[in-house]
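I opened a fresh page for this one and kept my notes short. Here is what I looked up, in the order I looked.

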Amino acid sequence: MKKTIILGALLISTFMSTAFAQQPLYTHNSAGHLELTIDGAAHLSKLPLKCMQLEFPYKTGVVFTDTSLVTNPRNYHPAFYGCYDWHSSVHGHWMLVRLLKSFPTLPQHELILTKLQQNLTAEHIQQEQKLFTNKENKGFERIYGWSWLLQLQRELLTWNSPEGRELAANVQPLATQFSKAYIDFLGKLMYPIRVGEHTNLAFGLCLAWDYAVTAKDQPLQDAIKAAATRFYLADKNGPVSYEPGGYDFLSPCLEEADLMWRILPAAQYQAWIQEFLPGLFAKNITLFPIAQVKDRTDGKLVHLDGLNLSRAWCLYGIARHAGKNSAAIQALANQHLEAAIPHVASGDYAGEHWLASFAVYALTVENN
């Protein structure tokens, strides 16, 4: 019986991966940007739907202070217990909300809405909040998970529907808690965190800034602007030759550049970006060759598929604000996105539990 179940799961994954590759997942819009199609949205939505209520396998980052946490993850994470880890569950929920708003006729509309309403109840969010008040776990999922939660709340706040308003009201207490925690953290942080994984500061601040603007959270905006100015304004000649690291799914240099157009006036940003990444303004851009993955069953090595996706969304943002060479920068973004999309549904859970969110973010970045 167990072998039959495993074989069935493998066949489903193989079918999804094949079908995914055959569908017109995106088109080129009039501006030359890759744009998600409803067929692409329908296929991508299946990936978080498969795991958002799948409790195991689960990777925890929780500090067990006593035996009360020696229990099933859904007992202390009743909203975000699926998709392998907390942050992947959060951005899986974000992705599904984004797709519902972008494609109201999505075939999975009712299923998605049902699962969102089952998970994002006021009671579940209240239970989620408790862990972050624990002294040993107050930094749990900082920075990445906090930031995706704020991005999820931003998506809910801009969902003009009874369902969106109800879910936004449910999630807001946790978003408010993270906003205050972010402000406190940024006031104590002495140096930027320039890594290619979860604790990358610039990426987190991008998501947090977008939430703060939408929610009219001025204290959070002020804290982010002060931190970004303190850490990044004087940067020149970003060390792109050091990228990528073998486990990267974020580009430290590009995430910084994607943040600063949010912070700086247009003319100041254009001068800053030309000094920070001068290679983007060459006639033929040679920076950021497509990252290669040799083993998509390895949870760390498959990060590089995510890197190609995150590079794409950063380059799109930079192209819109750089003032020069925008067509070439956008073309580089398209190359990264087109290289990564076929591998989002690889048939292996190591990448499938999270890469769809990155693909949707990259393909809908102009909606931000």
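The entries below go from confidence and overall build to backbone, cysteines and rings.

**Entry 1: confidence**

I started with the caveat that this is a predicted model. The average pLDDT of the protein is 93, and 93% of the residues reach at least 70. Then I asked where pLDDT stays under 50. That happens over residues 1–21, a stretch for which the model has 16 contacts beyond four places in sequence. My note to self: where pLDDT is low, the predicted coordinates should not be read in detail.

**Entry 2: overall build**

I counted secondary structure next and got 16 helices and two strands. The radius of gyration comes out at 20 Å, and the globule rule gives 21 Å for 368 residues, so the protein is as compact as a globular protein of that length. Along the principal axes, the C-alpha atoms fill a box of roughly 60 × 45 × 40 Å.

I also wanted to know how many of the residues count as buried. The figure is 55% of the 368 residues. For contacts between residues at least 6 apart in sequence, I noted that 73% join residues at least 24 apart. The exposed surface is about 15600 Å², with carbon and sulfur atoms supplying 56% of it.

**Entry 3: the loop between H6 and H7**

I went through the backbone torsions and stopped at this loop. Glu 141 has a phi near 65°, which is positive although the residue is not glycine. Glu 141 sits in the loop between H6 and H7. Is Glu 141 buried or exposed? I found it buried, at a relative accessible area of 14%.

The peptide bond between Arg 142 and Ile 143 is cis, with omega at about 20°. Ile 143 belongs to the loop between helix H6 (122–132) and helix H7 (144–157).

**Entry 4: the loop between H10 and H11**

Here I found a cis peptide bond too, joining Glu 243 and Pro 244, with omega at about -5°. Pro 244 lies in the loop that runs between helix H10 (218–232) and helix H11 (252–263).

Asn 237 is in the loop between H10 and H11 as well. Its phi is near 50°, a positive value in a residue other than glycine. Asn 237 is exposed, with a relative accessible area of 53%, whereas Glu 141 in the other loop is buried.

**Entry 5: cysteines**

How many disulfides does a search of the whole structure find? I got one. Cys 51 and Cys 83 form it, with their sulfur atoms 2.1 Å apart. Cys 51 is in helix H2 (residues 38–51) and Cys 83 is in the loop between helix H3 (73–76) and helix H4 (86–102), so the pair ties together parts that are 32 residues apart in sequence. I checked the handedness too: the torsion about the S-S bond of Cys 51 and Cys 83 is about 85°, so the disulfide is right-handed. Cys 51 is buried, at 1% relative accessible area, and Cys 83 is buried with a value of 1%.

Then I asked why Cys 253 has no bond to the closest cysteine sulfur. That sulfur belongs to Cys 314 and is 11 Å away, which is too far for a bond; the cut-off I used for a disulfide is 2.5 Å. Cys 253 counts as buried, at 4% relative accessibility.

For Cys 314, the closest cysteine sulfur is in Cys 206, at 6.7 Å, and that is also too far for a bond. Cys 314 is buried, with a relative accessible area of 0%.

**Entry 6: aromatic rings**

My ring search returned 25 aromatic pairs. I wrote up one of them, Phe 231 with Tyr 232: the ring centres are 6.3 Å apart and the planes meet at 70°, so the pair is edge-to-face. Phe 231 counts as buried at 7% relative accessibility, and Tyr 232 is buried at 2%.

Which residues form one aromatic cluster? My list reads Trp 94, Tyr 144, Trp 148, Phe 203, Phe 249, Trp 313, Trp 354, Phe 358 and Tyr 361.

Definitions and conventions. Residues are numbered from 1 along each chain as its sequence is written. This is a predicted model: local features need pLDDT of at least 70, side-chain atom pairs count only at pLDDT 80 or more; totals for chains, interfaces and linings use all residues. Side-chain values use heavy atoms; hydrogens and water are left out. pLDDT is the predictor's confidence in each residue, from 0 to 100. Contact means heavy atoms within 4.5 Å. Helices (H or I, at least four residues) and strands (E, at least two) are DSSP runs, numbered from the N terminus. Buried means under 20% relative accessible area, exposed over 50%, partly exposed in between (1.4 Å probe, protein chains only). The radius of gyration is taken over C-alpha atoms; the globule rule is 2.2 Å times the number of residues to the power 0.38. Accessible areas come from the Shrake-Rupley method with a 1.4 Å probe; for residues, only the protein chains shown count as cover. Rings of Phe, Tyr and Trp (its six-membered ring) pair if their centres lie within 6.5 Å; planes under 30 degrees apart count as stacked, over 60 as edge-to-face and the rest as tilted.
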